[in-house]
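Q: Please take a close look at one part of this model, the helix packing, and describe it in connected prose.

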Amino acid sequence: MAAELRAEVEKANWSEVYAEGKTKFLVETSWFASEERCEVLRRLCKKYNATRVLEVGACCGVASLSMAEVLPDNGEVVALELDPYLAQFGQNIMDKSNCGHKIKYMVGPAMDSLRDIARQCFDGKMKPFDLLLIDADRAGMMDYFKLFWWESPGVLSAQATVCIDITPYKGQAPQVVRGPSSGKLAAMGVGTVEEEAGAGQSEVLWVPSGQEQIDELRRTLEASSEHTVYKVANLLVSHSKDGKRDTDAESQLSTPRRKAGGGPWSEHKFGSPTFSPGLSPSLSHAANPFASFPNDRMKVVGAARWVPPVPSNPVMELRNKVMNEDWAALFAAGKTLTRVEANWSGSKERCEVMKCIMSASKITRILEIGSFCGITSLSMAENLPSDGQVVSLELDAFLAKFGDDIRSKCTAGSKIRHVVGLAATSLDLLADEAKAPDFKPFDLVIIDADRSGMQSYFRKVTTTQGMLAEGGTVCIDITPYKGQMPVRHSTLSDQWIVPSGMDKVDELVAELRSDDKFTLNKQEGLLLVKVSTMPEIAL
């Protein structure tokens, strides 16, 4: 029945529904739980023997019904939803389902509903929940979590599993920002730019990713030594390592967690009288010939202490520089073409995935379409042989040059070649270079750029003779919403929407699956395409 409800959701014309005033906001089909998400939630419910589920942000109840199908007969899903129309949308299907009676909707602002639930749990009128799913606005996400974790821990059972949607950009509202460089994007036909706002300034719509809130919540969960935290299907999942919480022991969280609603705080005591960093056995020698400098911060009696030299880490240095930069100020000053975010850069996980892909075959030449500040480029360059090269295509000259001071100090930096400009234009340039007899084809191509041009970039790389090596691999970033620009709605001129871009991804996947020469695999937000044979070129 969950599949039937999903089909109804996908068939609905949400633009018309909003235009008729039935929903409070313009809904996107991509907001609803996919089959992959539903299957993961069903498995989590069964794995951790969930009986009671609390879902914050249920939409039309696709995920709610999927979880209800695997709960025991006495199980219940309490689904919180702001919009009455969405809560009622699939009621007829739920009524026909054998599991629909397990779902109870609470309609209204999530925080109001949560406080009502907390009061009922405190008064013993409602049983605690075994599984918590938060799939709501990023701005309120941390507030919802704090309510469970600190203010009202009695809402969750001792063995509760916490699942949080961490898809960047999902459900985020566009914001208008000003910058003198926005007009440059308009001249290139890139992005969504408003009319000139005066004084040399122009306005551009920018979509915050919500990554700051996601990272804050992830750090809070990972601070506990008693819980296992992992990611699956864009969900951050936290569960007790031993299947239980020691409610009598002191909290192991760096920020203390209350033992019970209204009870005293239990603060963790760090260190002990017998522990002293200055008396670490590894630093007990008087001098170290390999040390880089004396550690005069260690106040001890006797000879100077020394610390081992710290090897340089250019990738970490560049990542820190990107994370510490004020990108809003740079855009306001006209340095960047558009308002960018630090989290656009390659994460540690992404860099590790690329290293694994490179280690599986002998990679010497890499083409990266969309490099941002070049963190992934530098990470890959470090793992290339001495004659290897990364060719990075980037639209923004400022971003391409950002970090030149770090790259110039390391050997890997000399293996990177930047090409600045529109990706299509840069690919045409490389196609001309590929005609030369001494041109070396690329073993690995990474496409991390706009979804609208994704298919054309792929076709250009795979059909241009000599550009992709025989048996080469193409990695395509398919993270929903990433890099998507807000666009005016086709029929509602006063509304701006942020497309997920998944329609373009699905279109490309369907095209590739119909061709036997492509082998597809998905990994960590990447679509890996192995090209078995190159296409024949008509002479």
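A: What follows describes a pair of packed helices, then a helix covered in part by one of them, and then a single residue elsewhere. The model is predicted.

Two packed helices are described by the angle between their axes and the distance between the axes. For helix H7 (residues 110–122) and H8, the angle is about 15° and the axes lie 10 Å apart. Angles under 35 degrees count as roughly parallel, and H7 and H8 are therefore roughly parallel to each other. The crossing of H7 past H8 is right-handed. On the H7 side, the residues in contact are Ala110, Met111, Leu114 and Arg115; on the H8 side they are Asp143, Tyr144, Leu147, Phe148 and Glu151. Sorted by class, this contact has 6 nonpolar and 3 charged residues, with no polar ones.

Helix H8 (138–151) also belongs to the cover over the buried residues of H10. That cover further includes strand S5 (156–165), strand S9 (227–232) and strand S10 (235–240). H10 itself spans residues 211–222, which makes 12 residues. From first C-alpha to last, H10 reaches 16 Å, close to the 16 Å expected at 1.5 Å a residue. Its buried residues are Gln211, Ile214, Leu217, Thr220 and Leu221.

Another glutamine, residue 455, sits in helix H18 (residues 454–463). Buried means under 20% relative accessible area; glutamine 455 has 9% relative accessibility and therefore counts as buried. Apart from neighbours within four places in sequence, glutamine 455 is in contact with Glu507, Leu508 and Glu511.

Notes:
Residues are numbered from 1 along each chain as its sequence is written. This is a predicted model: local features need pLDDT of at least 70, side-chain atom pairs count only at pLDDT 80 or more; totals for chains, interfaces and linings use all residues. Side-chain values use heavy atoms; hydrogens and water are left out. Helices (H or I, at least four residues) and strands (E, at least two) are DSSP runs, numbered from the N terminus. The expected span of a helix is 1.5 Å times one less than its number of residues. Buried means under 20% relative accessible area, exposed over 50%, partly exposed in between (1.4 Å probe, protein chains only). Contact means heavy atoms within 4.5 Å. Axes are lines fitted to C-alpha atoms, for helices over the stretch in contact, and angles run from 0 to 180 degrees between N-to-C directions. Angles under 35 degrees count as roughly parallel, over 145 as roughly antiparallel, 65 to 115 as roughly perpendicular and the rest as oblique. A crossing is left-handed if the near helix is turned anticlockwise from the far one by less than a right angle, and right-handed if clockwise. Ala, Val, Leu, Ile, Met, Phe, Trp, Tyr, Cys and Pro count as nonpolar, Asp, Glu, Lys and Arg as charged, and the others, Gly among them, as polar.
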